[in-house]
Amino acid sequence: MQAATKTIVLTGQPLSFSTLERIGSGEHSTVVSDLAMDRVRSARTVITDRIALGLPVYGANTGVGSMKDKLWTAGDLDQFNASLVKAHHFGTGPLFSSSVVRKAMAIRVNTALGGHTGCSVELVNAFLALLEHDVVPAVHRHGSIGCADIGLMGQVASVLTGVGKAFYGGELLDASEALIRAGITPFGMQPRDALAALSVNATAYAAAAEVIREAASGVRVLMVTGLMSSLALGASADPWRVAATLGTRGEALVGSWLYGQSDMVDWPLPTAIHDPLSLRMTAQVFGAAADTLVVAAERLLDATYLSDDNPVVLGGQVHSSGASLPLTTTLYIETAQIAFSHVARNVLNRCVLLSNGVRRNLPINLVAPGEVASGLGPLMKLAVELYMRVQSNAVPLSAQSIVVAGGLEEEATFLPLIVERMEAQVRDLCQMGAIEALLSAQAVDLLGDKPQATAKLAYDRVRDISPMYLQDRPLSEEIEALRRAFSCPDLRRSFVSAAPMPEFDDFFALAI
């Protein structure tokens, strides 16, 4: 039974976030179903028969890009396919995590299992061998315009052949040495295999899967810090009940969670009959973010099984394809980025309300009575800067014009760059949440409140790191420590366990 739970069977069906996380961990064996492999063989036969007749197959016996009309002879095919991989090993910049690269290889395999790629069974097995022996190609992040990650997946494909760099046993090695240590024979690219190994969006999809899940985790943590600050400010919980009943899907989901949490604690009497929008609209803001994240994630999971190859095999024929443009997925991710800017503004507004004092007779800058201090008011400068960082990364990139390869590739999405910007947004949002938690903890102490349920978990985590602010002190290290704490999977799991939101949590596998 234990062995069965450690084996992941790829079938060519959509991958879930739970499955992707298990693949990314490197702790599970990945295999392919027999039926799926039969589809690979059938598509391969179509490709080999066409090549045997001397007919052109893009990127198999012809050049690519501007050299698409160059038809290679049978004697040139081995050299061409080997060279094609080397020509696309040009990535630069920082490396993707091993988790992302493992997921990318699994996505490439899974999208081939639909029977439309035309690659060899041996190529599928070569990818599976890297996963099985945990040889993880070193993939630099920069090198894709978001229309097939050729410069990124080219680094993975090169490792299959023993070229490039790879991690094995935690050590960065020449690919040839990594394969020797793992007992893997370098793979010889057959016609169609080279382009099938590198001309897909698997790396961007894998990175997007990680950041979307991190964003969902961040939203769940920020819901707790928002609840904590609303408690300290004496906000009315009535609008949350209204959202739970009358709101859209996301608003109802978040409103129900917020109202349910407020009903579990000793909630203070509202300090105003009509709260500021930043308090009244919390369910709307977070509900919109949850909605856009779920939709973006659904489109992304579609991409984990649908072939984005060019060309593709359909009905026994080879067709040119435009599926390498991941525009639908990209547009929904960009929409989620815009939603994050609204979340950031909502968090900032609550932080300002806390630091301004007045509500529930809180002192300005949350200065403790009788203390000579500037208090936590100056911290708003950092909160505003973080908000602007999130906001600046919300500007869409996908419609930028570009012309390369003789005008053949004038469409692009820049999905890998968009993913990088989303990572920055999530990081900055988590720091804003940590600041909100710090301010809320200070307000709670000044008021003498006794936090309960999830608010207590957040309060205790703050106080584990940062004591009550009495006299002015440097805060940089504390804020960094708080950011790490409120980005930690352990804290998120504790929030999810104490106050679940199953529809959201289970979809994004936030309990693991």
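**View A. Proline 311 sits in the loop between helix H14 (282–303) and strand E8 (312–314).** This is a predicted model, like every close-up that follows. What kind of peptide bond joins asparagine 310 and proline 311? The bond is cis, with omega at about 0 degrees. So if you're setting up a torsion check on this loop, that's the bond shown here: Asn310 to Pro311.

**View B. Helix H14 is largely enclosed by the rest of the structure.** Of its 22 residues, 16 are buried, so the helix has the rest of the structure around most of its length's worth of residues. From first C-alpha to last, H14 reaches 32 Å, close to the 32 Å expected at 1.5 Å a residue.**View C. Helix H3 (residues 34–52) also matches its expected span.** At 1.5 Å a residue, 19 residues should cover 27 Å, and the end C-alpha atoms are indeed 27 Å apart. Which residues of H3 are buried? They are Ala36, Met37, Val40, Ala43, Arg44, Val46, Ile47 and Ile51, so an arginine is on the list by the under-20% cut-off. Just after the helix, glycine 54 takes a positive phi of about 80 degrees.

**View D. Strand E1 (residues 7–10), helix H2 (residues 17–25) and strand E2 (residues 29–32) make a right-handed β-α-β unit.** E1 and E2 run parallel and are joined by four bridges. Two of the facing pairs to look for are Thr7 with Ser29 and Val9 with Val31. In a regular strand the side chains alternate between the two faces of the sheet. E1 shows that pattern: Ile8 and Leu10 point to one face and are buried, while Thr7 and Val9 point to the other and are not. E2 has two faces too, with Thr30 and Val32 on the covered one. Ser29 and Val31 are on its uncovered face.

**View E. Three strands form an open sheet in the order E4-E6-E7.** The pairing is antiparallel. Which strands stand at the edges? They are E4 (136–137) and E7 (171–174); each has a single partner strand, so one side of each is left without a neighbour in the sheet. E4 is joined to E6 (residues 165–168) by two bridges. Within that pair, valine 136 stands opposite phenylalanine 167.

**View F. Two residues take a positive phi without being glycine: aspartate 134 and phenylalanine 414.** Asp134 has a phi of about 55 degrees and lies in the loop between helix H6 (121–133) and E4. Phe414 has a phi of about 60 degrees and lies in the loop between helix H16 (380–392) and H17. Are these side chains buried or exposed? Asp134 is partly exposed, with a relative accessible area of 26%. Phe414 comes in at 17% relative accessibility, so it counts as buried under the 20% cut-off.

**View G. The second largest pocket has a volume of about 340 Å³.** Its lining is made up of 16 residues, and those nearest the centre are Glu214, Ser217, Val426, Ser487 and Pro489. Which elements give two or more residues to that lining? Helix H10 (202–233), helix H17 (415–447) and helix H20 (489–498) do. H10 gives the largest share, with five residues. If you sort the lining by class, you get seven nonpolar, three polar and six charged residues.

**View H. Alanine 82 and alanine 297 are 215 residues apart along the chain.** Their C-alpha atoms are separated by 35 Å. Ala82 is found in helix H4 (residues 77–87). With a relative accessible area of 35%, Ala82 is partly exposed.

Terms used:
Residues are numbered from 1 along each chain as its sequence is written. This is a predicted model: local features need pLDDT of at least 70, side-chain atom pairs count only at pLDDT 80 or more; totals for chains, interfaces and linings use all residues. Side-chain values use heavy atoms; hydrogens and water are left out. Buried means under 20% relative accessible area, exposed over 50%, partly exposed in between (1.4 Å probe, protein chains only). Two strands pair if DSSP finds at least two bridges between them. A crossover is right-handed if, with the strands pointing away from the viewer, the path from the first strand over the helix to the second runs clockwise. On a 1 Å grid over the protein atoms alone, a cavity is a set of points where a 1.4 Å probe fits but cannot get out, and a pocket is an open set with protein on both sides within 12 Å along at least five of seven lines; lining residues have an atom within 4 Å of a point. Grid points are joined across faces, edges and corners, and a volume is the space filled by probe spheres set on the points. Ala, Val, Leu, Ile, Met, Phe, Trp, Tyr, Cys and Pro count as nonpolar, Asp, Glu, Lys and Arg as charged, and the others, Gly among them, as polar. The expected span of a helix is 1.5 Å times one less than its number of residues.
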